[in-house]
Amino acid sequence: MSGVLSLALKLLLGDRGKFYTLVIGITFAVFLMMLMTSMFFGIIQHSAANIINIGAEVWVMDPNVQTPQNSIPMPNYVLDVVRSIPGVDYAVPLYLGGGLVRLENGNYQGATVVGLDDATLFGRPTLAEGRLSDIYRNNAFFVVRDANYAKLGSPRLGTTFEINDHRGVIAGIASVAVGSLFGLPTLYTTYERATQDLPSTRYVMSFILVQPKSPAAVAGIQRAVQALGYRALTAAQFTTRNDRFYEFQTAMGMNILIMTLISFVVGLSIAGETFYMFVLDNLERFGALKAIGARSSELVAMIFYQSLVVSFLGFGFGVLLASGLIAFGKWRIPNYAAVITYQNLAMALVMVLIISVVSAYIGIRRILRIDPFVVFRS
Amino acid sequence: MILTVDRVTKWFGEEPSRTYALRDVSFAVDHEEMLYIVGPSGSGKTTLLSVISGILRPNDGTVTVEGKDIWNLSVDALADFRLHTLGFVFQDYHLFPRLTTIENVAVPLVLRHVRWREALRKAREVLEVVGLPEKADLPPPRLSGGEQQRVAIARAIVAEPDVLVLDEPTASLDGDTGKRIVGFVKDRILNAHRAIIVVTHDDRIYEYASRIIHMEDGRIVAPAEAVA
Ligand SMILES: Nc1ncnc2c1ncn2[C@@H]1O[C@H](COP(=O)(O)OP(=O)(O)OP(=O)(O)O)[C@@H](O)[C@H]1O
Ligand SMILES: [Mg+2]
């Protein structure tokens, strides 16, 4: 069989023009699919930035909460009850909300405000400048130096501003693992200050962050919280819930899905069409092989092999091109949200295999129907 | 007998516009024979050649090659029969333009699962037999018509088939080249284990025939006549 396959390869490589068109077509399709899906995964990862950055193992929230950005405040007694659940090592409140910042030049800028438990500062960022204890000073805020930092006028230690008509002062400059998706700068302060100064609702507690005594305790905690009428999710579960929200309940997921499908269809049509042309051009040759005595199964193997070879080449080049562009994007645009994960590699691979099998199938149907009698006709 | 054709009938299309390309054709070919099938255009020569080489299924009658009723074989067995028993020289050669000459010649061996290296070695030997060793690495389109014809012959004989089938081998060659090639095939390839069947219009090459079958309108019109 291997001799027949190298014959297939020689026939394929012999037609340079079609060979390049095929590889380029599939490269292009893979490139588009990779770009679309990695943008999507990047966006989703960034939308979960708060879950990742704050880093709690278990999050307690109102059952209707879908994402960390849109919390529903809970009454304070929930915290006391959660603390009394067996298996809970400790539990702290978290404020996660928005504030309107008035800069020194008089401009307004929205910001995400994270209020950390006063006693533990659980979920705190890494400080690049300033001391952790400075957060307890009057009106102190830490600002995250990320892509949105400049929107606050690139404040320094000691810079003052107003937030929701209260005075604020920068006491530290922090860095976090994942930047926010939403284009807002992030400020950290204590839970006390955040809940006193910022909200206008009766309840103020956005989330309760729970440290279970052991991983085995999580299930029990979840049941107890559910009995209370609230929901406890592990960080992974919360991330998934957040992902689902952006995938299925926003226009973003659908649009990117549609773009991915379009690039798939474009790739399929370029590759399918060119491969079919290749087969048509070589119909006589395949007819001659059939007349000489090649079995149908061997012809099928040859066609499959040819389409697999171009597909894998296209896949390789497409992935290279997409990762090159993404690397370039990340280097030039700090906020650029795109990640290549095993998931989107696998997705692109599956799509390429579909393209390859469909193109081969079209060609094979044609080849199996040729009458070797054609070789006797002039 | 190496090959027996018994009351073969082949038609194309459906009544009432059915054309009979072969009507009740019977004959036999012996070892070491070079049998010619001649007749006017449309008389059914190519159709007959296709039926006896297991490429076109007849509507009626049997074809027996080396004791095997070939039209009772399965599709794969029929392909194997063509691969192992027959060698073809098609009228338009049907060489692979993207392969080199030597690779073209090696194709039947590769289909028989001979390793490439071994197949190419054998192909080179056969290219020497047909006098084209220096063209081994050129693609066929760079060769003259007569040279391409010799490549086609090399490909047909490389796997040492028992029956060699040639359709209009001289149709696109000038008279002298045609004669030389057919003479070459008879001298160098025909032997006690083989038979060669040639379809032709070309009376300049009749001198090489062992026997000639005349066809007209799908029938054999005169009993096979022996030549020399
Ligand atoms: N595939 C086909 N469909 C319909 N009719 C066909 C087909 N092949 C051959 N015929 C008809 O069968 C008859 C015999 O054709 P065939 O090609 O065998 O003749 P031939 O003797 O080889 O002619 P030529 O010398 O022109 O090559 C002709 O009438 C032809 O039109
Ligand atoms: Mg003919």
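This report describes a predicted model, taking a helix pair in chain A, a sheet in chain B, and then some backbone details.

**Helix pair in chain A**

Helix 2 of chain A (residues 16-47) packs against helix 10 of chain A (residues 296-332) at an angle of about 45 degrees, and their axes are 7 Å apart. Helix 2 of chain A and helix 10 of chain A are therefore oblique to each other, and their crossing is right-handed. The residues of this contact divide into 17 nonpolar, five polar and no charged. Helix 2 of chain A contributes, among others, A:Phe19, A:Leu22, A:Val23, A:Ile26, A:Val30, A:Phe31 and A:Met34. The residues they meet in helix 10 of chain A include A:Val310, A:Leu313, A:Phe315, A:Phe317, A:Leu321 and A:Leu325.

A:Phe31, which lies in helix 2 of chain A, can be followed further. Is A:Phe31 buried or exposed? Its relative accessible area is 15%, and A:Phe31 is therefore buried, the cut-off being under 20%. Leaving aside residues up to four places away in sequence, A:Phe31 touches A:Gly318, A:Leu321, A:Ala322 and A:Leu325. From A:Phe31 to A:Ser71 the separation is 40 residues in sequence and 37 Å in space, C-alpha to C-alpha.

**Sheet in chain B**

In chain B, four strands form an open sheet in the order 2-1-4-5, with antiparallel pairing. Strand 2 and strand 5 (68-69) of chain B are at the edges and have a single partner strand each, so one side of each lacks a neighbour in the sheet. Strands of a sheet pair through backbone hydrogen bonds.

Strand 1 (residues 3-12) and strand 2 (residues 19-29) of chain B run antiparallel and are joined by seven bridges. B:Trp11 has B:Tyr20 in strand 2 of chain B as its bridge partner, and B:Val8 has B:Val25 in that strand. The two strands form a hairpin with six residues between them. Within the turn, B:Gly13 has a positive phi of about 80 degrees. The loop between strand 1 and strand 2 of chain B also holds B:Pro16, which is joined to B:Glu15 by a cis peptide bond with omega of about 5 degrees.

Helix 1 of chain B (residues 45-52) lies across strand 1, strand 2 and strand 4 (60-65) of chain B. Its direction is at about 60 degrees to strand 2 of chain B.

**A helix covered by both chains**

Which residues of helix 2 (residues 75-85) of chain B are buried? They are B:Leu78, B:Ala79, B:Phe81, B:Arg82, B:Leu83 and B:Thr85. What covers these buried residues includes helix 9 (283-292) of chain A. From chain B, the cover includes strand 4, strand 6 (86-89), helix 3 (101-111) and strand 7 (163-167).

**Positive phi outside glycine**

Most residues other than glycine have a negative phi, and most peptide bonds are trans. The table gives two residues that have a positive phi although neither is a glycine.

| Residue | Phi | Loop | Relative accessibility |
|---|---|---|---|
| A:Asn164 | about 45 degrees | between strand 6 (160-163) and strand 7 (166-175) of chain A | 24% |
| B:Asp217 | about 55 degrees | between strand 9 (211-216) and strand 10 (219-226) of chain B | 47% |

A:Asn164 counts as partly exposed at 24%, and B:Asp217 counts as partly exposed at 47%.

Terms used
Residues numbered from 1 in each chain as written. Chains lettered and ligands numbered in written order. Predicted model: local features only at pLDDT ≥ 70, side-chain atom pairs only at ≥ 80, totals over all residues. Heavy atoms only, no water. Axes fitted to C-alpha atoms, helices over the stretch in contact; angles between N-to-C directions. Parallel < 35°, antiparallel > 145°, perpendicular 65-115°, else oblique. Left-handed = near helix turned anticlockwise from the far one by under 90°. Contact = heavy atoms within 4.5 Å. Nonpolar A, V, L, I, M, F, W, Y, C, P; charged D, E, K, R; others polar. Pairing = 2+ DSSP bridges. Buried < 20%, exposed > 50% of the residue type's maximum accessible area, 1.4 Å probe, protein only.
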